[in-house]
Amino acid sequence: MSLLRTCIGNLELERPGMVASGIMDETGDSMMRMIKLGAGAVVTKSVGSVKRDGHVNPSFIEFPFGYLNAMGLPNPGIDDFKDEMMIATKAGTIIASVFASSPKEFSSLAERMEIFGASAVELNLSCPHAKGYGIEMGTDVKMVHKIVSTVKNTVKIPVYAKLTPNTHILADIGKAVQDAGGDAVVAINTLKAMSISPEFAMPVLSNRFGGLSGPALRPIGVRAIYDLRSALEIPLIGVGGICSWRDAAEYIMAGASAFQVGSAIASDINIFKKINKGLECFMKEFGYSSIEKMVGAAHE
Ligand code: DHB
């Protein structure tokens, strides 16, 4: 049996590392490529009901410690994403990320993604800057409960909720997901942030605000998973600043049954192979016979 096998509820993965939503996941071919390069699953780009072009440039800034972006949820719309799903789901486990502005819209997108062959759906309740979407709904406990229960009443595939770090009530939001029947919590999405050009005396991003990702986020994400593990019983998926097997191990020991890698893929397409190898070596050396045995180890 593979040492790296893990379960998120009843979804079994051969490897615990997933491609996070928003990178190398816009086309069926790019998702297939990431599965071949060692990802245990791929989360799709967040897809909505209709096509969106996204924000004009500048929409992306690189820092020494991560990236700041406000792409504006660009996507082809659910109808045109079907062909990509048909290609991707043949290659491996695909988790469909969706964004919407009402519980009903979330459930109809989830229903389509289930038909397209998604193994689970990830609700984007955490985009930090899009008006009417993301954190505007994802920090309202009652709204989160309503969204998750509406989607749960519609689809049979597992329902995950991706939460924001831009809140002091993360555990309450996590509980709302759990109480509504959610199958797992994914934490964290990007942190709301901005950058200003002194020369132009104006914000750099055309949208002014964006989401910060990359290594700077890791200690915040690890703390979020640790807190959620103390508050919840449902499985957790850790994401934020993972660049190496050590970073992945931190999230697992904080309480995550699986993890996602985003920004680090941009500088190293082979990151999953390296993380898989490193994790396996560590587990052998320290006597962990399964990922499950490592999950939450830092709490004991
Ligand atoms: C965007 C969406 C996100 O969920 C996020 O965390 C950052 C940016 C976007 O499409 O702009």
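**Exercise 1. The barrel**

Task: State how many strands close into the barrel of this predicted model, and give their order and pairing sense.

Solution. Step 1: 8 strands close into the barrel. Step 2: going round, the order is β3-β4-β7-β8-β9-β10-β15-β16. Step 3: the pairing is parallel, and from one strand to the next the twist averages 25°.

**Exercise 2. One pair within the barrel**

Task: For strands β7 and β8, find the residue ranges, the number of bridges and the bridge partner of Ser97.

Solution. Step 1: β7 covers residues 94-98, and β8 covers residues 120-124. Step 2: the two strands pair in the parallel sense over 4 bridges. Step 3: Ser97 has Glu122 in β8 as its bridge partner.

**Exercise 3. The open sheet**

Task: Work out the order of the open sheet that contains β14, and identify its edge strands.

Solution. Step 1: this open sheet has 4 strands, ordered β5-β6-β14-β11, with antiparallel pairing. Step 2: β5 (60-63) and β11 (191-194) each pair on one side only, which makes them the edge strands. Step 3: the twist in this sheet averages 35° from one strand to the next. Step 4: at the β5 edge, the partner is β6 (residues 66-69), paired in the antiparallel sense over 4 bridges. Phe63 stands opposite Gly66 of β6. As background, strands of a sheet pair through backbone hydrogen bonds, either parallel or antiparallel.

**Exercise 4. The ligand site**

Task: Describe the surroundings of the ligand, list its polar contacts with Gly72, His129 and Asn189, and say how much of its area is buried.

Solution. Step 1: the ligand is surrounded by Asn69, Ala70, Met71, Gly72, Leu73, Pro74, Asn124, Cys127, Pro128, His129, Asn189 and Thr190. Step 2: the contacts are tabulated, each to an oxygen atom of the ligand.

| Residue | Atom | Distance |
|---|---|---|
| Gly72 | backbone N or O | 2.7 Å |
| His129 | side-chain N or O | 3.0 Å |
| Asn189 | side-chain N or O | 2.4 Å |

Step 3: the ligand taken alone exposes 290 Å², and the protein buries 91% of that. Step 4: the space that the ligand takes is the largest pocket.

**Exercise 5. Backbone exceptions**

Task: Locate the cis peptide bonds at Pro58 and Ile188, and the positive phi at Ala201.

Solution. Step 1: recall the usual case. Most residues other than glycine have a negative phi, and most peptide bonds are trans. Step 2: the bond from Asn57 to Pro58 is cis, with omega near -5°. Pro58 belongs to the loop between β4 (41-43) and β5. Step 3: Ala187 and Ile188 are also joined by a cis peptide bond, with omega about 15°. Ile188 lies in the loop between β10 (184-187) and β11. Step 4: Ala201 is not a glycine, yet its phi is positive, at about 50°. This residue, Ala201, is found in the loop between β12 (196-197) and β13 (202-203).

Definitions and conventions. Residues numbered from 1 in each chain as written. Predicted model: local features only at pLDDT ≥ 70, side-chain atom pairs only at ≥ 80, totals over all residues. Heavy atoms only, no water. Pairing = 2+ DSSP bridges. Axes fitted to C-alpha atoms, helices over the stretch in contact; angles between N-to-C directions. Near = heavy atom within 4 Å. Polar contact = N/O pair within 3.5 Å; in protein donor to acceptor, adjacent residues only side chain to side chain. Areas by Shrake-Rupley, 256 points an atom, 1.4 Å probe, with all protein chains shown as cover. 1 Å grid on protein atoms, 1.4 Å probe; cavity = no way out; pocket = protein on both sides within 12 Å on 5 of 7 lines; lining within 4 Å. Sits in = over half its atoms within 2 Å of the grid points.
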